[in-house]
Amino acid sequence: MDIKVIKREENKLYDREELEILIEHRNQATPKRLELKKQIAAMLGVDENLVIIEKIRTLYGKHQSIAYAKLYKNKETMMRIEPKYLLKRNNIIQ
């Protein structure tokens with residue numbers, strides 16, 4: 001699985017970075033959210049608990065997906081801003 005950052009913007013209002021990521025997964029299923037989260041954190045050298053994967057969209061007829069991720073600078077801001085369903089999906093809360 002190859003991961004490439006297509007777009008990276010800083011959102012100063014929410015104190016986070018917003019990423020658009022292209023994932024090439026030849027002869028594999030669409031990557032799981034938690035697996036992708038670990039790889040993005042390792043690639044960018046950030047804490048895994050500060051990464052939120054908003055959605056993963058697989059391109060029709062291709063072995064590629066587009067993921068939208070948010071990198072927060074601190075946990076308090078993330079807990080205040082992100083909806084509970086996204087925090088649950090990303091294994092931040094139970």
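**Entry 1: Arg16 and its partners**

I began with Glu18, which is partly exposed, at a relative accessible area of 24%. The model I am reading is a predicted one. I then looked up the partner of Glu18 and found a salt bridge to Arg16, with the closest N and O atoms 2.9 Å apart. Arg16 has a relative accessible area of 9%, so I entered this residue as buried.

I next recorded a salt bridge between the side chains of Glu82 and Arg16, at 3.4 Å from N to O. Glu82 sits in the loop between helix H2 (75-81) and helix H3 (84-89), while Arg16 belongs to strand S2; the pair therefore ties together parts that are 66 residues apart in sequence. I noted that Glu82 and Arg16 are both buried. Which residues do the salt bridges that share partners join into one network? I listed Arg16, Glu18, Glu54, Lys70 and Glu82.

**Entry 2: Salt bridges across the structure**

I searched the whole structure and counted eight salt bridges. One of them I followed further: Asp2 pairs with Arg26, the closest N and O atoms lying 3.4 Å apart. Since Asp2 is in strand S1 (residues 2-11) and Arg26 is in the loop between S2 and H1, this pair ties together parts that are 24 residues apart in sequence. I entered Asp2 as partly exposed, because its relative accessibility is 42%.

**Entry 3: His25**

I located His25 in the loop between strand S2 (16-24) and helix H1 (33-44). Is His25 buried or exposed? Its relative accessible area is 3%, so I recorded His25 as buried. Leaving aside neighbours within four places in sequence, I found His25 in contact with Thr30, Pro31, Thr58, His63, Gln64 and Ser65. With Ser65, I recorded a side-chain to side-chain polar contact of 2.8 Å.

**Entry 4: Thr58**

I turned to Thr58, one of the contacts of His25, and placed Thr58 in strand S3 (residues 51-58). I entered Thr58 as partly exposed because its relative accessible area is 37%. With neighbours within four places in sequence left aside, the contacts of Thr58 are His25, Thr30, Gln64 and Ser65.

I then checked the polar contacts of the Thr58 side chain. I found one with the side chain of Thr30, at 2.8 Å, and another with the side chain of Ser65, at 3.2 Å. Ser65 also has the polar contact with the side chain of His25 noted above. I also looked up Leu22: Thr58 and Leu22 are 36 residues apart in sequence, and their C-alpha atoms are 9.8 Å apart in space.

**Entry 5: Helix H1**

I compared the length of H1 with expectation. The helix has twelve residues and, at 1.5 Å a residue, should span 16 Å; I found the end C-alpha atoms 16 Å apart, which agrees.

Which residues of H1 are buried? I listed Arg33, Leu36, Lys37, Ile40 and Ala41. Viewed down the axis of H1, these buried residues fall within an arc of 135 degrees, so I recorded that they line one face of the helix. I set beside this the general rule that an α-helix has 3.6 residues a turn, so residues three or four places apart point the same way.

I next looked up what the buried residues of H1 pack against, and noted S1, S2, S3, strand S4 (64-72) and H3. Finally, I checked what comes after the helix: H1 is followed by Gly45, which has a positive phi, near 70 degrees.

Terms used:
Residues numbered from 1 in each chain as written. Predicted model: local features only at pLDDT ≥ 70, side-chain atom pairs only at ≥ 80, totals over all residues. Heavy atoms only, no water. Helix = DSSP H or I, 4+ residues; strand = E, 2+ residues; numbered from the N terminus. Buried < 20%, exposed > 50% of the residue type's maximum accessible area, 1.4 Å probe, protein only. Polar contact = N/O pair within 3.5 Å; in protein donor to acceptor, adjacent residues only side chain to side chain. Contact = heavy atoms within 4.5 Å. Salt bridge = Lys/Arg side-chain N within 4 Å of Asp/Glu carboxyl O. Expected span 1.5 Å × (residues − 1). Arc of directions from axis to C-beta.
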